[in-house]
Amino acid sequence: MTASDSSPASTPTTRLRPVSLREQAREALRARIVLGQIEPGEVRSVIGLAEELGVSITPVREAVMDLANHGMVEVIRNRGFRVPRLGEHDLDEIFHLRTLLEAPAMADVVRVLDGAPVPRFRRLAEEITAAARDGDLPVFLDKDRQFHLGLLELLGNGRLVVMVARLRDQARMQGLRKLAAQGGLTQSGEEHIALVDAIEAGEGERAVELMRAHLAHSRGIWAGHAEPGS
């Protein structure tokens with residue numbers, strides 16, 4: 001081995017960051033909540049969830065506290081946690097705020113991209129549509145999250161992304177499983193494709209209106225009663 005081989009310059013500086021058990025537990029719990037696998041109002045123990053996930057209590061307790069700070073769960077002293085119940089007014093507030101934040105941001109996205117193609121988002125839109133058609137809720141929700149937050153990330157405003165992510169997390173699936181089984185999610189998937197078309201065409205005003213209409217439609221979807229054409 002030569003001196004140059006062992007020099008600091010030849011040593012890779014990029015290191016992969018291992019995902020902590022806390023992060024894994026948080027994402028697993030988030031998925032259970034959003035997919036409706038934990039019923040609102042149901043008291044769950046940290047010990048029980050740790051056993052389900054096959055990890056120690058500490059990362060699960062930390063994950064619960066993280067999600068409590070995001071408004072996804074309520075901590076019950078000496079008992080565990082529960083998912084708060086959401087009413088129609090709660091969903092109205094959530095989607096009203098999302099509309100205020102996401103719809104006008106689409107004009108900025110169009111301006112930033114300046115007509116450039118966005119193959120990543122077209123692929124996500126197609127995957128969302130396929131998952132909606134197949135009734136695959138975990139994939140539908142995962143790709144939908146990547147699509148919406150990914151577009152906002154293009155603007156370089158981290159606070160905006162965090163705020164919308166938290167609003168998404170605070171919504172709950174209610175009748176979404178039944179709706180998916182009836183094919184009621186397909187229109188939502190196709191709305192993502194139309195939005196990509198508008199963005200690539202540089203149509204800022206159209207992109208804003210499409211996002212506004214999509215969120216209005218999504219309000220019904222998350223409550224389990226989609227309104228076609230809304």
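Reader: What makes up this chain, from the N terminus on?
Author: In this predicted model, the elements run α-β-α-α-β-β-α-α-α-α-α-α-α from the N terminus. That comes to ten helices and three strands. A run has to reach at least four residues to count as a helix and at least two to count as a strand, so strand 1, at 43–44, makes the list.

Reader: What makes strand 1 and strand 2 stand at the edges?
Author: Start with the order in the sheet. The three strands form an open sheet in the order 1-3-2, and the pairing is antiparallel. Strand 1 (43–44) and strand 2 (74–76) each have a single partner strand, so each keeps one side without a neighbour in the sheet.

Reader: How do you know that strand 2 and strand 3 pair?
Author: Pairing takes at least two bridges between the strands. Strand 2 and strand 3 (residues 80–82) are joined by three bridges and run antiparallel, so they qualify as a pair. One example is Ile76, whose bridge partner in strand 3 is Gly80.

Reader: What sits in the loop between strand 2 and strand 3?
Author: Asn78 is one residue there. Its phi is positive, about 65°, although Asn78 is not a glycine.

Reader: Why is Asn78 called exposed?
Author: Exposed means over 50% relative accessible area. Asn78 has 75%, so it is exposed.

Reader: Which value does phi take in Asp114, and what makes that residue exposed?
Author: Phi of Asp114 is near 55°, again a positive value in a residue other than glycine. Asp114 lies in the loop between helix 4 and helix 5 (119–134). Its relative accessibility is 67%, and the cut-off is over 50%, so Asp114 counts as exposed.

Reader: What about Asp134, buried or exposed?
Author: Asp134 belongs to helix 5. At 62% it is over the 50% mark, so it counts as exposed. Along the chain, Asp134 and Leu185 are 51 residues apart, and their C-alpha atoms are separated by 9.4 Å.

Reader: Why is Leu35 called buried?
Author: Buried means under 20%, and Leu35 has a relative accessibility of 9%, so the label follows. Leu35 is in the loop between helix 1 (21–34) and strand 1. Leu35 and Pro138 are 103 residues apart in sequence, yet 7.3 Å apart in space, C-alpha to C-alpha.

Reader: How many of the chain's contacts join residues 24 or more positions apart?
Author: Taking contacts with a separation of 6 or more, 72% are between residues 24 or more positions apart. As for burial across the whole chain, 42% of the 230 residues count as buried. The accessible surface is about 12200 Å², and 52% of that belongs to carbon and sulfur atoms.

Reader: How do you know that helix 4 and helix 7 meet?
Author: Contact means heavy atoms within 4.5 Å. On the helix 4 side the residues are Ile94, Leu97, Arg98, Leu101, Glu102 and Ala105, and on the helix 7 side Leu160, Met163, Val164, Leu167, Arg168 and Gln170. By class, this contact has eight nonpolar, one polar and three charged residues.

Reader: At what angle do the axes of helix 4 and helix 7 cross?
Author: The axes of helix 4 (residues 88–113) and helix 7 (residues 158–170) come within 10 Å and cross at roughly 145°. The crossing of helix 4 past helix 7 is left-handed.

Reader: What makes Arg168 buried?
Author: Its relative accessible area is 7%, and the limit is under 20%, so Arg168 is buried. The residue sits in helix 7. Leaving aside neighbours within four places in sequence, Arg168 is in contact with Arg98, Leu141, Asp144, Arg145, His148 and Leu149. Arg98 is also among the helix 4 residues that meet helix 7.

Technical notes:
Residues are numbered from 1 along each chain as its sequence is written. This is a predicted model: local features need pLDDT of at least 70, side-chain atom pairs count only at pLDDT 80 or more; totals for chains, interfaces and linings use all residues. Side-chain values use heavy atoms; hydrogens and water are left out. Axes are lines fitted to C-alpha atoms, for helices over the stretch in contact, and angles run from 0 to 180 degrees between N-to-C directions. A crossing is left-handed if the near helix is turned anticlockwise from the far one by less than a right angle, and right-handed if clockwise. Ala, Val, Leu, Ile, Met, Phe, Trp, Tyr, Cys and Pro count as nonpolar, Asp, Glu, Lys and Arg as charged, and the others, Gly among them, as polar. Buried means under 20% relative accessible area, exposed over 50%, partly exposed in between (1.4 Å probe, protein chains only). Accessible areas come from the Shrake-Rupley method with a 1.4 Å probe; for residues, only the protein chains shown count as cover.
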